[in-house]
Amino acid sequence: MSGDQLVYNIASENETTPSIFTRKEWISILDIQNGNYAGANAVIDTSQISNSNKYANYREAYLTIPLLMTLTSKTATATVFAPNTPATTADYALGLKNSFLHIIHSLQIEYNGTSVCQIVPYSSIWNCFKLMTTLSWNDVITQGASIGFYPDTATSFTYNTVDNVNGSIGTSNNLNAGNFSTVTAVDNSYTNYNEGFLKRQQYINFDEDGYTGAAGTQSQFKVLLTQTNAKLAYKSCIINKVNGGSSLSGSFQIQVMANIMLKHLHSFFDKLPILKGAFMRITLNLNHTGVGFTATTSAGACSFSSVSVTTAYGGVNPMMIAAGTATNGGAAPFVTGDYYASICVGQKVLDSTHSSFTNNKTGQLPNILLTVPLYSFNPIFESAYLSNPVKTVMYDDIYNYNYVNSISSGGTSSFNFLVTNGISNLKSVLVIPFHSKGTASTLLPIQSPFDTAGATSSPLCLLSNFNVVVSGSNAIYNNDNRTYSFFLNQLAGCNAINATETDGITSSLITQLDFETLYNYYYVDISRSLPIEKDVPKSISIIGTSLNQLAVDLYVFVCFSNQINVDVLTGARV
């Protein structure tokens, strides 16, 4: 009987529907950098769109950011880095952390000359959390390749007390050889490869020399599509493989067409109505990164040491290097020696270590593109839309403050931190724990090329007696010290469709096991209050105890509501 109403409704439908819009055109505009990203920033202005006399929908708009990843031996030596040889291929040696958003450290949005969002560092960490709690698995399947998104496997991490085949001291989650765990008394690692890392590599590492099946019995991809034609189609692909020699450094390069939806970049774009005449200026600060390391090969495996990382703004390193464990992507290409990897925006290598190498190539897209759909209204519907031309845009903004080297090791370290003295229109607080740099890790976890941190927390960084205190009042009735209750009461359903209240219709990608293992997101909704109280600035503190045996840093994001009024006919801010 439950389907009878649906059957009746379908049978009664009128097959014709009126055309609300008479035309939809996609227009792409260049940023104003002229291909120069040496300063690790980019500026896009929308004057070309604002002067078009058509309605722009920025919620559908997206940025296309060309990324160039380069891996070389650090100097020309007799020890040969040979990525153009099948036995030592580097096709699965490099990858990206979850979501292309990590190439952007922070941004500023100006609307008709007025700033509408704060410049917040580490904004990609917040944005990745939003995707993890908003998207469904169907979204991952349909959108993942476009936005560089596939969740990291929570149960595949390892922790290294010494430099080894998985990476430097600290957490690694870079195993990409797909196989199944053996359940024994000494092997309880749940999962022994990170499916998300592998999937994201497959999004970008098309190689014309790769075989479509078993090598020697099946044809290569270039029988169907050459690298030259893949570049003409602006497909993400491997664009350069050069074997090194005694006077030439080996080189391996991937060009990535990274698409970032504006609605994923900031809530302002997600809430903006279609409108004419609006002039926006978007400034992006970019996470250009360089990674140096030493590889030591023995018995079919490769161990890593002397790892150093530099990022333009000290933000998240977008790159990952695959594990050197036998059969994994980092085992075959590296012979004993020094190596260097970099990632930058544009078609040219910008890192100073790589810029002088003569065997590197340029990519196919020199500029960042903003692509926006422009609509022409059916006059009847336009009149209805403009009957009330002033729209209120209510969007979320965030505030970030981090507590670094503030929580000691030992598993019973309590904390009580003041986050802010006063913010109004509060919505939520997110606390993400990471292992501290030092004895726990030789690198900041968010900068490690072996770790997924930034797209995840550090593993098993569980908090007890946790609470958020808003102007002296606890947001959680009793301090929470149970992982299952915090997940079910606070995290499950946040940002999701129907907040998990309706079985069969929901979203979010984080399970209780994920939360307890690698996605230690401590999220608390603090939006519930009387309307008269919302505009009153309130202080925020966080309290609790770290249960992790290692020293922990806390990255805190406070979400609050903001609003502007706009005239959709002229774009003017009212």
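**Exercise 1.** Which residue of β24 is the bridge partner of N467? Place this pair in the sheet of the predicted model.

*Solution.* Begin with the strands involved: β21, which covers residues 463-470, pairs with β24 in the antiparallel sense over 6 bridges. Within this pairing, N467 has I543 as its bridge partner in β24. Turning to the other neighbour of β24, one finds that I543 is also the bridge partner of N416, while F415 is matched with G544 of β24. The pairing of β19 with β24 (residues 538-546) is antiparallel and comprises 8 bridges.

**Exercise 2.** Determine the strand order of this open sheet, and explain why β19 and β22 each have one side without a neighbour in the sheet.

*Solution.* The sheet consists of 4 strands, arranged in the order β19-β24-β21-β22 with antiparallel pairing. Because β19 (413-423) and β22 (473-474) stand at the edges and each has a single partner strand, one side of each is left without a neighbour in the sheet. As for β24, 8 of its 9 residues are buried, so this strand is largely enclosed by the rest of the structure.

**Exercise 3.** Decide whether T517 is buried or exposed, and describe its surroundings.

*Solution.* First locate the residue: T517 lies in helix α12, which spans residues 512-517. Its relative accessibility is 9%, and since buried means under 20%, T517 counts as buried. Next consider its polar contact, in which the side chain of T517 reaches the backbone oxygen of L513 at 2.6 Å. Finally, once neighbours within four places in sequence are set aside, T517 is in contact with A154, T155 and F157, as well as with S458, P459 and L460.

How values were computed. Residues are numbered from 1 along each chain as its sequence is written. This is a predicted model: local features need pLDDT of at least 70, side-chain atom pairs count only at pLDDT 80 or more; totals for chains, interfaces and linings use all residues. Side-chain values use heavy atoms; hydrogens and water are left out. Two strands pair if DSSP finds at least two bridges between them. Helices (H or I, at least four residues) and strands (E, at least two) are DSSP runs, numbered from the N terminus. Buried means under 20% relative accessible area, exposed over 50%, partly exposed in between (1.4 Å probe, protein chains only). A polar contact is a pair of N or O atoms within 3.5 Å; within protein, one must be able to donate a hydrogen and the other to accept it, and residues adjacent in sequence count only if both atoms are side-chain atoms. Contact means heavy atoms within 4.5 Å.
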